[in-house]
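Colleague: I should be grateful for a close look at a single part of this model. Please begin with one sheet and follow its strands in order.

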Amino acid sequence: MTAEPIVHDIYEAVTGTWQYVVADRQTLAAVLIDTVLDFDPASSTVTTSTADGILALVAVKGYTIEKILETHIHADHLSAANYLQARLGSTQQAPPAVCIGKRIRQVQQHVVATYGVPEEELTHAFDHAFEDDEVFSVGTLSASILHLPGHTPDHIGYRIGPNDVFCGDSLFNADVGSARCDFPGGIWTGHDYPPKAEGRHDPVPHQTVAEQKKDNKHLKHGVGEDEFVNWRAERDSGLAVPRLMHQALQVNARGGRLPRANGSQVGALHIPSRMQPDDLEIIAQRAQGRIYLEEDPTIQQWLATLIPTKQGAIGYALALFPCVGWVPRYNLRWFMGDVVAGMTVGLVVVPQALAYALLAKLTPEYGLYTSFIGAMTYWVFGTSRDIVVGKRYTEADLSNKTTAIGSLLVGSTVTAVEEKQPGVYTVAEVAASLSLISGIILLAIGLLRLGWVVDFIPYTSISAFVTAAAITILSTQFPVALGIRGINTREAPYKVIINTLKSLGHTELDAAIGLTSILLLYVIKTACSQLEVRKPKWRRLWSIISSLRFTFVIVMFTIISYLVNYKLPREEAKFRLVGNIEAGFRHAGIPRFDSELTILILPKLPAVLIVLVIEHIAIAKSFGRMFGYTVTPSQEIMAQGIANLFSPFIGGYVCTGSFSASAVLSKSGVRTPLAGVVSALVLVLALYVVTAVFAFIPKAVLAGLIIHATSNLLTSPKALKRYWQLSPFELLIWVVGLVVALFESLDMSIYVTTGLSLGLLLVRMARTPGSFLGRVRIHLVPADDQVVSASHPPEGDAPKAKTAVNIPGEAAIKSFDTYFSTQRDEGFNPRVPLETPYPGMFIYRFPQTLNYTNQGQHVDLISSYITSHTRRTTPEDPSIKPSDRLWNVQEPRPNKNSGSASMLFDNASSSLGTTHNDHLPRLRTIIFDCSAVSSVDITSVQGLVDLRTTLARHAAPGVVEWHFAGVRNRWARRALAVAGFGHPSNTDGPVSSAQWTPCYAVAGLPADIGGDQGVQSGDEEKSDGTLVESGADEDDASVTGFQPVVGVNRPFFHVGLAEAVNIAVRSATIRNQRSRGDI
């Protein structure tokens, strides 16, 4: 049977620490475990009374100490290992080795980062680091290592002899339980603290395993894992920092050695001050005399912005009726202009309305109904701004009219309903229901001010749709214009075109009228356009004549038709006629609402709404830019919704803005939207007076009118070439949309192109890489001051200015820093040199908002780039065997030229060993240019947190500063701050004051910087330096003097990139000097 060791337990009462002398009975070889130095924190003095007692015991017993063992780095007492090693070395043949577990390096890295302990004082602090399960001997006794993680990552236990385990702080006596595990890095401890309340007053060094299993309050039989974890988390969260933690960690990480003495022969221990918010305020107050603390936005504040105020409610109500702003100023001159313009546009609208109604599968009078209701309602709800200061009154009326594309969509909806429920619903019922439903939806969008949703429909989709719709309309109207019968125009456009070409031999007399009308319309348009250029004085007259060409052509051919056919029965007419049109509003009434019809209409509804809204808003904005006023999309949609809502009540169908009619009004001297009422009266006159004449209008003429008007909607080759130049991918989407529309359906074209455009947007958002930036110094050289010599200056020399022109403010603009991509992919002169602001400092620019779709790419790019351009400052544990490495982790290679590291980067050699990348700088600072980042989400913030963890491990034991420039959104700053950004910190929490050098950006009011900076001489306007708004009360004395720009509680958030770089360079320079001992 193996002999039991001799165990001497020595209790140090001040720190509650058990120390052990364990000896072999046969050889008297022994080891010391967890020895203690006496330390008085009040006087910061170290004494050796306890350690000397151990030496006396060893001498009395005649032991030979072979090893001094540490179970871990203690945080509650100072280790006596170095002192005992030195004393025993003078009394024994050889000093005992100081030993600890192999994971000691992890804890030492934390000590370096927290206390700034020089690396060279830690490299050889211990004589031997035990492997897990390593076996050694104490005389004849067999001993082995037990890895006991939990309390600290480096914690081990020693099994000496057959039955004795020295477990350090991993397990306490049964009535105490187990040690804490709550601190970052796991470097805290507790020993034996007798619970006097439970009746035990004396410390107990030893208990059996059976006693632990039976009585340990944490680990006894019956305690589950979840119960244990919850209990430990709750208890540890309330524990205070150990009293001697800062002193103990710095000494024990050195193997029990005190810090090296400085020039005053005094060894100093660092007691860090954590950069908590209160500390940041104090530092800032001392530095600049005043502080500004940024407060986080709250949900309550956001909700408060959604509660309408009384003034806001009144403004909203007035905005619903824009006419309130100009009706009180209406006058006779405006009235005369509106009458002339209204009558002119009425003459243009009548033939268009008659023609477009045919596209909707309705009789011509329905087009007049629709145009009437739009003209009567728009003036009340439409938005337009007049120009009255010294100019004539101009107004671009956007009265809702029937349009070719809108009518075509109504016709396609009628066809779809007829195919599913043939003979159940009339064309008028389908058109009325479609208008009613569209009006309700548009009205809701307008009232809720959701007009911004139209921005989700890209221009590419609308352009492809309009072109395809134009081709569709042309394909359906050419058979009518040529008098070809029997063509099924409900088929796909390509089939209609093929069938028309096959039937060209069956053209009738209608072709003479149709082709002649088309030719005449183009001749009038071309002639008037040329006369506008040649006779600019009469430009307005030529423009009005050009606009009235539709009316002229229809009147002319109606007269011809009447002369040819008035004596003939209608069925024997020489060409097809419109036929009888009912006078007045014969179809007015309450529209029928049918749920089944609504269901049939719904599949076509999105495309109808999209086209109606996009066409209307495009026309409104076009005239707004042309005549210098602003339109409100939501209000325009509301006006359109009201028109469509009431249109079915008088027999109309869906309507939208008419560009041609609006153009006629703008050129006719229109003054206000009230001109639309005049045009509506013209429509009423047409409905009640001349409907009998409408019966003789040839259908070929109406088809020619539609063909002429629709041909302008085709996208020209010049426009397609421009699409290619702007974005080739979007041109491809345009082609796809056109093909889908021609071979499938118009509404499917909208969905496909919008989906493809959104997909392209997501791909661009997710896969557009950011860029690392280099600094460029820009010098301004005014051209008017340049001395141009016969011989050009050598390349690279800055040109010299002749004299300095005395321009206010220019004297301060000599040069400035800007930042270019290191990829050289921005198109700037590649010969311009780029520089890194400081070795180990990286500037990264996000190209757009950071979100869950692109954060992965940014994080991967940043991580791979930085790790490949910096050296890892902590070598891998040399005890790791090649067989223990992951398959995708390469074995570090030694650097053959380790002695030739460039002074450019650090000017300091590493004591951590040399590898193949020792010529690279150490990672110090990361600066993000977030000027394009308007928001962040949980995924993107978590990605930055993971990146910080990865790079902190790469740069350990150094601390990496993370600066953010240009984050203007308060919610984004709040999210980043919650994740630990914006203030000095590392993965283990706030950093010490020794690891961060504060520097603040301040701004002063003009009076503080210089009283005459903002004053200009003579009659020049005031420029830079003029105080716009201070954001404080006028009598607030605190606004005088320099003010911090950003909150001092978040000093790593910066207004601009230049400020961030300057502050980061200063901090890195000082930290580097401190690490070398220069300051």
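What is the order of the strands in the open sheet of six strands, and which kind of pairing does the sheet have?

Modeller: This is a predicted model, and what follows should be read in that light. The open sheet has six strands in the order E1-E2-E3-E6-E8-E9, and its pairing is mixed. At the edges stand strand E1 (6-12) and strand E9 (128-130); each has a single partner strand, so one side of each is left without a neighbour in the sheet. On average, neighbouring strands of this sheet are turned by 25° against each other, direction ignored.

Strands of a sheet pair through backbone hydrogen bonds, in either the parallel or the antiparallel sense. Both senses can be followed here by walking along the sheet from E1. E1 and E2 pair in the antiparallel sense over seven bridges, and within this pair Tyr 11 has Trp 18 of E2 as its bridge partner. The two strands form a hairpin with four residues between them, and in the turn Gly 16 has a positive phi of about 70°. E2 then pairs with E3, again in the antiparallel sense, over four bridges. Ala 23 stands opposite Ala 30 in E3. The hairpin of E2 and E3 has five residues between the strands, and Leu 28 takes a positive phi near 60° there.

Strand E2 deserves a closer description. Seven of its seven residues are buried, and E2 is mostly covered. This holds for both faces: Thr 17, Gln 19, Val 21 and Ala 23 lie on one side, Trp 18, Tyr 20 and Val 22 lie on the other, and all are buried. Two of these residues have already appeared in the pairing, namely Trp 18 as the bridge partner of Tyr 11 and Ala 23 opposite Ala 30. Val 21 also belongs to a nonpolar core of 35 residues, which includes Leu 37, Leu 84 and Leu 122 as well.

Further along the sheet, the parallel sense appears. Strand E6 (residues 64-69) and strand E8 (residues 97-101) pair in this sense over three bridges. Lys 67 has Ala 97 in E8 as its bridge partner. Two helices are associated with these strands. Helix H1 (residues 49-61) packs on the sheet and touches E1, strand E2 (17-23), strand E3 (29-33) and E6. The direction of H1 makes about 160° with that of E1. Helix H2 (residues 81-89) lies across E3, E6 and E8, and runs at about 160° to E6.

For comparison, another set of strands may be considered. Strand E19 (residues 925-929) has five of its five residues buried, so it is largely enclosed by the rest of the structure. Thr 925, Ile 927 and Asp 929 point one way from E19, whereas Ile 926 and Phe 928 point the other way, and all are buried. E19 pairs in the parallel sense with strand E18 (residues 841-845) over five bridges, and Arg 845 stands opposite Asp 929. E19 also pairs in the parallel sense with strand E20 (residues 961-965) over five bridges, where Thr 925 has Glu 961 as its bridge partner.

A helical region completes the picture. The axes of helix H16 (residues 510-534) and helix H18 (residues 549-565) come within 10 Å and cross at roughly 145°, and the crossing is right-handed. Among the residues that meet are Leu 520, Leu 521 and Lys 525 in H16, and Arg 549 and Phe 550 in H18. The residues of this contact divide into nine nonpolar, two polar and two charged. Several of them also touch His 708, which is found in helix H25 (residues 699-711). Leaving aside neighbours within four places in sequence, His 708 is in contact with Leu 521, Tyr 522, Lys 525, Arg 549 and Phe 550. At 0% relative accessibility, His 708 counts as buried, the cut-off being under 20%.

The largest nonpolar core has 89 residues, of which Leu 354, Leu 368, Val 410, Phe 465, Tyr 653 and Phe 694 touch the most other members. Leaving aside neighbours within four places in sequence, Leu 368 is in contact with Val 350, Ala 353, Leu 354, Leu 683, Leu 687 and Phe 694. The core of 35 residues that includes Val 21 is separate from this one.

Technical notes
Residues are numbered from 1 along each chain as its sequence is written. This is a predicted model: local features need pLDDT of at least 70, side-chain atom pairs count only at pLDDT 80 or more; totals for chains, interfaces and linings use all residues. Side-chain values use heavy atoms; hydrogens and water are left out. Two strands pair if DSSP finds at least two bridges between them. Axes are lines fitted to C-alpha atoms, for helices over the stretch in contact, and angles run from 0 to 180 degrees between N-to-C directions. Contact means heavy atoms within 4.5 Å. Buried means under 20% relative accessible area, exposed over 50%, partly exposed in between (1.4 Å probe, protein chains only). A crossing is left-handed if the near helix is turned anticlockwise from the far one by less than a right angle, and right-handed if clockwise. Ala, Val, Leu, Ile, Met, Phe, Trp, Tyr, Cys and Pro count as nonpolar, Asp, Glu, Lys and Arg as charged, and the others, Gly among them, as polar. A nonpolar core is a set of buried Ala, Val, Leu, Ile, Met, Phe, Trp, Tyr and Cys residues joined through side-chain atoms within 4.5 Å.
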